[in-house]
Amino acid sequence: MAAAFASAGQAATTMPAAPADSSTITNYYKQNVYDPKESKIGTIDDVLVDKSGKVTGLVVGVGGFLGAGEKDVIVPFTAVKSQKKDDKWWLTLDETKDSLKAAPGFKYDRASTTWKPENK
């Protein structure tokens, strides 16, 4: 009898298939982002989700070299367009590297596990 209850409990928290129209975070996380002219403008450093699990924003690292001098900005998830190109995810944003560098920056706060505005 206990096994029947355990099975019923597990079934409520698992899914028989992946939800339709869903995608994996790896299609975005640590992927390069390009402007409409196909010039690299940054890399996705984090994916932001709300309490319901909906992806709301993407943290894009711009500028710098190998992470040094990089600035993190947050863009709406809906602003980044994705497509599969040459067996790889291709992400584009209708911005330039310079416009993102001029945008307000954010720093990750480990204590609160949130992104906070950069103090300048």
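# Exercises on Charged and Aromatic Side Chains

The side chain of Asp35 reaches the backbone nitrogen of Ser39 at 2.9 Å. Such a polar contact is a pair of N or O atoms within 3.5 Å; within protein, one must be able to donate a hydrogen and the other to accept it, and residues adjacent in sequence count only if both atoms are side-chain atoms.

The model is predicted, so that local features need a pLDDT of at least 70 and side-chain atom pairs count only at pLDDT 80 or more, while totals for chains, interfaces and linings use all residues. Residues are numbered from 1 along each chain as its sequence is written, and side-chain values use heavy atoms, with hydrogens and water left out.

## Exercise 1. Confidence

Task: State the mean pLDDT of the protein and the percentage of its residues that reach 70 or more.

Solution.
1. The pLDDT is the predictor's confidence in each residue, from 0 to 100.
2. Its mean for the protein is 86, and 88% of the residues reach 70 or more.
3. Residues 1-9 have a pLDDT below 50, and beyond near neighbours in sequence this stretch has zero contacts in the model. A contact means heavy atoms within 4.5 Å.

## Exercise 2. Asp35

Task: Determine which side chain of opposite charge is nearest to Asp35, and which backbone nitrogen besides that of Ser39 the side chain of Asp35 reaches.

Solution.
1. Asp35 is located in the loop between β1 and β2. Helices (H or I, at least four residues) and strands (E, at least two) are DSSP runs, numbered from the N terminus.
2. Asp35 is buried but has no salt bridge; Lys37, the nearest side chain of opposite charge, is 6.8 Å away. Buried means under 20% relative accessible area, exposed over 50%, and partly exposed in between (1.4 Å probe, protein chains only). Lys and Arg count as positive and Asp and Glu as negative, whereas His and the chain ends are not counted. A salt bridge is a side-chain nitrogen of Lys or Arg within 4 Å of a carboxyl oxygen of Asp or Glu.
3. The backbone nitrogen of Lys37 is reached by the Asp35 side chain at 2.9 Å.
4. Not counting residues up to four places away in sequence, Asp35 touches Ile41, Thr92, Leu93 and Glu95.

## Exercise 3. Lys71

Task: Find which backbone oxygen the side chain of Lys71 reaches.

Solution.
1. Lys71 belongs to strand β4 (residues 71-76).
2. This lysine is buried and has no salt bridge, the nearest side chain of opposite charge being Glu118 at 5.2 Å.
3. The side chain of Lys71 reaches the backbone oxygen of Ala103 at 2.3 Å.
4. Residues touched by Lys71, not counting those up to four places away in sequence, include Val60, Leu100, Ala103, Pro104 and Glu118.

## Exercise 4. Salt bridges

Task: Establish how many salt bridges the structure holds, and describe those of Asp45, Glu38 and Glu118.

Solution.
1. The structure holds four salt bridges.
2. Asp45 pairs with Lys30, their closest N and O atoms being 3.9 Å apart. This pair links distant parts of the chain, 15 residues apart: Asp45 in strand β2 (residues 40-49) and Lys30 in the loop between α1 (2-13) and β1 (32-34). Asp45 is buried at 15% relative accessible area, whereas Lys30 is partly exposed at 48%.
3. Glu38 pairs with Lys85, with 3.0 Å between the closest N and O atoms. Glu38 in the loop between β1 and β2 is thereby linked to Lys85 in strand β5 (residues 80-85), 47 residues apart. Glu38 is partly exposed at 47%, and Lys85 is partly exposed at 27%.
4. Glu118 forms a salt bridge with Lys107, the closest N and O atoms being 3.5 Å apart. Glu118 lies in the segment after β8 (114-117) and Lys107 in strand β7 (residues 106-109), so the pair ties together parts 11 residues apart in sequence.

## Exercise 5. Aromatic pairs

Task: Classify the pair of Tyr34 and Trp90 as stacked, tilted or edge-to-face.

Solution.
1. Rings of Phe, Tyr and Trp (its six-membered ring) pair if their centres lie within 6.5 Å; planes under 30 degrees apart count as stacked, over 60 as edge-to-face and the rest as tilted.
2. The whole structure contains three aromatic pairs. In one of them, Tyr34 and Trp90 are stacked, 4.0 Å centre to centre with 5° between the planes.
3. The pair links Tyr34 in strand β1 to Trp90 in strand β6 (residues 88-93), 56 residues apart.
4. Tyr34 is buried at 13% relative accessible area, and Trp90 is buried at 18%.
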